[in-house]
Amino acid sequence: GPGLELEWRVSGGALERIADDVVLWTLPEDGGEATPFGQVAVWNDAGAVVENSVERGVKAALIGPIQQENLALGYLAAYARGRGHEVGVLAYAARQDLEATVDAVLAADPDLVGLGIAFQNNVDDYVLLLRELRARGYRGHLTCGGHVATFCWEELLGELPELDSVVRHDGEETLAEVLDALGRGERPQGIAGLVWREGDRS
């Protein structure tokens, strides 16, 4: 498949001759679109196991105020889509949008929700949104970015156990790497521009 990214890991022996350009695909009985296997194990003559982890595209919802247009979220979404992820942008100006926004997130069921907190005067509205998402059953990765998050990351992670990480400064590459990690089934950490929770510390 064009553009498919593969990660190869070797254990239990020396890696010798092995094909590295073969991808296995599942073909649905209803004739739908073929999809790659998530895990493939191949044994070579030396007894080494090569595990092929197919990096899947991740679904994300970016949330922030949209009056005419939110260029910051638009740039983030466009960059992540260029890396193979499915990213939507949802409007949330203040708490009067709470129920509609939470309903939209739960209906979309994204792997990641990112909040763009640009202004200090409505931080409480975004705190309310974070808590309501968790209370209503959202279990994906919750992150935030923007001016407030860049400067107040310690307070946000310290006071909001619902929050998994904070993106600081320009977030295009950082967000894409977070989505890449989630697509590999990994916990996002050790990524430039990202602050994350480590137990009860950040």
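On a 1 Å grid over the protein atoms alone, a pocket is an open set of points where a 1.4 Å probe fits, with protein on both sides within 12 Å along at least five of seven lines; lining residues have an atom within 4 Å of a point. The largest pocket in this predicted model is lined by 30 residues. Ala72, Gly116, Gly145, Gly146 and His147 lie nearest its centre. Its volume is about 670 Å³, counted as the space filled by probe spheres set on the points, with grid points joined across faces, edges and corners. Helix H1 (71-82), E8, E9, H4 and helix H6 (172-183) each give two or more residues to the lining. H1 supplies the largest share, four residues.

This is a predicted model: local features need pLDDT of at least 70, side-chain atom pairs count only at pLDDT 80 or more, and totals for chains, interfaces and linings use all residues. Residues are numbered from 1 along each chain as its sequence is written, and side-chain values use heavy atoms, with hydrogens and water left out.

**Confidence and overall make-up**

The mean pLDDT (the predictor's confidence in each residue, from 0 to 100) of the chain is 79. A value of 70 or more is reached by 70% of the residues. Over residues 1-27 the pLDDT is below 50. Beyond near neighbours in sequence, that stretch has 62 contacts (heavy atoms within 4.5 Å) in the model. Residues 35-54 also have pLDDT below 50, with 67 contacts beyond near neighbours in sequence.

The chain has six helices and 11 strands. These are DSSP runs, numbered from the N terminus: helices are H or I, at least four residues, and strands are E, at least two. Of the 202 residues, 39% count as buried. Buried means under 20% relative accessible area, exposed over 50%, partly exposed in between (1.4 Å probe, protein chains only). Among contacts with a separation of 6 or more, 65% join residues 24 or more positions apart.

**Nonpolar cores**

A nonpolar core is a set of buried Ala, Val, Leu, Ile, Met, Phe, Trp, Tyr and Cys residues joined through side-chain atoms within 4.5 Å. The largest has 25 residues. Val113, Leu115, Leu129, Leu133, Cys144 and Leu163 touch the most other members. Two or more residues come from each of helix H2 (98-108), strand E8 (112-116), helix H3 (123-135), strand E9 (141-145), helix H4 (147-151) and helix H5 (153-159). H3 gives the most, six residues. Apart from this core lies another, of 16 residues, including Ala60, Val87, Leu175 and Leu194.

Leucine 129 is in contact with Ile63, Tyr92, Leu98, Thr101, Val102 and Leu115, leaving aside neighbours within four places in sequence.

**Loop residues**

Three loop residues are set out here.

| Residue | Loop | Relative accessible area |
|---|---|---|
| Aspartate 109 | between H2 and E8 | 56%, exposed |
| Glutamate 162 | between H5 and strand E10 (165-167) | 18%, buried |
| Histidine 169 | between E10 and H6 | 55%, exposed |

Glutamate 162 touches Leu130, Arg131, Arg134 and Leu142, not counting residues up to four places away in sequence. The C-alpha atoms of glutamate 162 and leucine 142 are separated by 7.4 Å. Along the chain these two are 20 residues apart.

Most residues other than glycine have a negative phi. Aspartate 109 has a positive phi, near 50 degrees. Histidine 169 has a positive phi of about 65 degrees.
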